[in-house]
Amino acid sequence: MTEMMKIGDRVYIRGLVHSDCLGLTGTILDVRPSALFGPRIQRCKVDFNGKIRSLLNIHLVHASRQSGGSSLIAA
């Protein structure tokens, strides 16, 4: 099930390995329904430390849901 996002949520990207913001945590600035997809798909404007990106909520995960045992970036 797709997670619904709201303004102010802390999120990170999943599934978009080509993104320049992969591994960063961002804050949602704006949320709108997507005109091209179903009613549960949202287009989110996210601020990743000054890099503003527009992403679908299916590519975002709430930062609080990140498991403590795994890392997004290998050391």
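This report describes the strands, the sheet and the salt bridges of a predicted model of one protein chain.

## Confidence and overall make-up

The model is predicted, and the mean pLDDT of the protein chain is 87, with 84% of the residues reaching 70 or more. Residues 69-75 need separate treatment, since their pLDDT is below 50, and beyond near neighbours in sequence this stretch has four contacts in the model.

The protein chain contains zero helices and five strands, so that the elements read β-β-β-β-β from the N terminus on. Of its 75 residues, 31% count as buried, and the accessible surface amounts to about 4900 Å², with 57% of that area belonging to carbon and sulfur atoms. When contacts between residues at least 6 apart in sequence are considered, 44% of them join residues at least 24 apart.

## The sheet and its pairings

The five strands form an open sheet in the order β4-β3-β2-β1-β5, and the pairing is antiparallel. The edges of this sheet are β4 and β5 (60-62), each of which pairs on one side only. Neighbouring strands are turned against each other by 45 degrees on average when direction is ignored. As a general point, strands of a sheet pair through backbone hydrogen bonds, either parallel or antiparallel.

The table sets out the pairings together with one bridge partner for each.

| Strand pair | Sense | Bridges | One bridge pair |
|---|---|---|---|
| β3 and β4 | antiparallel | six | Val46 and Arg53 |
| β2 and β3 | antiparallel | six | Asp30 and Lys45 |
| β1 and β2 | antiparallel | three | Arg10 and Thr27 |
| β1 and β5 | antiparallel | three | Tyr12 and Val61 |

Strand β3 takes part in two of these rows, being joined to β2 by six bridges and to β4 by six bridges. Val46 illustrates this position, for Ile28 stands opposite Val46 in β3, while the bridge partner of Val46 in β4 is Arg53. The link from β3 to β4 is a hairpin with two residues between the strands, and Asn49 in the turn has a positive phi of about 50 degrees.

## The two faces of β3

In a regular strand the side chains alternate between the two faces of the sheet. Strand β3 (residues 42-48) shows this alternation: Gln42, Cys44, Val46 and Phe48 point to one face and are buried, whereas Arg43, Lys45 and Asp47 point to the other face and are not buried. Val46, which has its bridge partner Arg53 in β4, therefore belongs to the buried set, while Lys45, the bridge partner of Asp30, lies on the face whose residues are not buried.

## Salt bridges

Side chains of opposite charge can pair when their charged atoms come close. In this model the count comes to three salt bridges, and the accessibility of the residues involved varies from pair to pair, as the following paragraphs set out.

The side chains of Asp9 and Lys6 meet in a salt bridge with an N to O distance of 3.2 Å. In this pair Asp9 is buried, at a relative accessible area of 9%, whereas Lys6 counts as exposed, at 55% relative accessibility.

A second salt bridge joins Asp20 to Arg53, where the closest N and O atoms are 2.7 Å apart. This pair links distant parts of the chain, 33 residues apart, with Asp20 in the loop between β1 (10-13) and β2 (25-33) and Arg53 in strand β4 (residues 51-56). Asp20 counts as partly exposed at 43% relative accessibility, and Arg53 is likewise partly exposed, with a relative accessible area of 27%. Arg53 thus appears in two settings, as the salt-bridge partner of Asp20 and as the bridge partner of Val46 in β4.

The remaining salt bridge is formed by the side chains of Arg32 and Asp30, with 2.9 Å from N to O. Arg32 is exposed, with a relative accessible area of 54%. Why does Asp30 count as partly exposed? Its relative accessibility is 21%, and because buried means under 20% and exposed means over 50%, this value falls in between. Asp30 also has a place in the sheet, with Lys45 as its bridge partner in β3.

Note on methods
Residues are numbered from 1 along each chain as its sequence is written. This is a predicted model: local features need pLDDT of at least 70, side-chain atom pairs count only at pLDDT 80 or more; totals for chains, interfaces and linings use all residues. Side-chain values use heavy atoms; hydrogens and water are left out. pLDDT is the predictor's confidence in each residue, from 0 to 100. Contact means heavy atoms within 4.5 Å. A salt bridge is a side-chain nitrogen of Lys or Arg within 4 Å of a carboxyl oxygen of Asp or Glu. Buried means under 20% relative accessible area, exposed over 50%, partly exposed in between (1.4 Å probe, protein chains only). Helices (H or I, at least four residues) and strands (E, at least two) are DSSP runs, numbered from the N terminus. Two strands pair if DSSP finds at least two bridges between them. Axes are lines fitted to C-alpha atoms, for helices over the stretch in contact, and angles run from 0 to 180 degrees between N-to-C directions. Accessible areas come from the Shrake-Rupley method with a 1.4 Å probe; for residues, only the protein chains shown count as cover.
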